[in-house]
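Visitor: Hello! Could you walk me through this structure, one question at a time?
Guide: With pleasure. Here is what we will be looking at.

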Amino acid sequence: IGVVVMGPCGNVMCEVRKPLESGLGKVVADYKALLTGLEDAMALNLQYLLVHTDSVLMYNQVSLSLYMG
C-alpha cells in the first residue's frame, strides 16, 4: 500500500509504503491504505482531511456512512 499525508502547502508530512500480504485484493489494499492514512493523520494531530481515492466502492461506502452519521 502507499499513503502520503500532505500539509496544506503541499509539503509531505508522512509517507508510508508497505507490501501487502499475498492473496489480498485491491479492495483490502484500498481500505488498508485509508486506515493507515487516518492513523498517521491522528498521530500528527491533524484536524481536517481531504482523502483521494480511485476506489468508487470505498468512496461510496465512506461517503454514505458519513452522511448517515
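Visitor: Is lysine 26 buried, partly exposed or exposed?
Guide: This is a predicted model, and the relative accessible area of lysine 26 in it is 49%. Exposed would need over 50%, and buried would need under 20%. Lysine 26 therefore counts as partly exposed.

Visitor: Which residue's side chain meets that of lysine 26 in a salt bridge, at 3.3 Å from N to O?
Guide: Side chains of opposite charge can pair when their charged atoms come close. The partner lies in the loop between helix 1 and helix 2, while lysine 26 is in helix 1, so the pair ties together parts that are 28 residues apart in sequence. The partner is exposed, with a relative accessible area of 61%. It is aspartate 54.

Visitor: Which residues do salt bridges with shared partners join into one network?
Guide: We have already met the pair of aspartate 54 and lysine 26. Salt bridges that share partners bring in Asp30 as well. The network is made of Lys26, Asp30 and Asp54.

Visitor: How many salt bridges are there by this rule?
Guide: The rule asks for a side-chain nitrogen of Lys or Arg within 4 Å of a carboxyl oxygen of Asp or Glu. One that fits is between arginine 17 and glutamate 15, with the closest N and O atoms 2.8 Å apart. Another joins glutamate 21 and lysine 32, at 3.9 Å from N to O. The count comes to four.

Visitor: How many residues apart in sequence are the parts that glutamate 21 and lysine 32 tie together?
Guide: The side chains of these two meet in a salt bridge. Glutamate 21 lies in the loop between strand 2 and helix 1, and lysine 32 in helix 1, so the parts they tie together are apart in sequence by 11 residues.

Visitor: Lysine 32 also has a backbone oxygen; which residue has a side-chain polar atom 2.8 Å from that oxygen?
Guide: The residue to look for lies in helix 1. Its relative accessible area is 8%, so it is buried. Among the residues it touches are Ile1 and Val16. It is threonine 36.

Visitor: Which residue has a positive phi of about 60 degrees although it is not a glycine?
Guide: Most residues other than glycine have a negative phi. The exception here sits in the loop between helix 1 and helix 2, and it counts as exposed because its relative accessibility is 65%. The residue is asparagine 45.

Technical notes. Residues are numbered from 1 along each chain as its sequence is written. This is a predicted model: local features need pLDDT of at least 70, side-chain atom pairs count only at pLDDT 80 or more; totals for chains, interfaces and linings use all residues. Side-chain values use heavy atoms; hydrogens and water are left out. Helices (H or I, at least four residues) and strands (E, at least two) are DSSP runs, numbered from the N terminus. Buried means under 20% relative accessible area, exposed over 50%, partly exposed in between (1.4 Å probe, protein chains only). A polar contact is a pair of N or O atoms within 3.5 Å; within protein, one must be able to donate a hydrogen and the other to accept it, and residues adjacent in sequence count only if both atoms are side-chain atoms. Contact means heavy atoms within 4.5 Å. Lists of a residue's contacts leave out its neighbours within four places in sequence.
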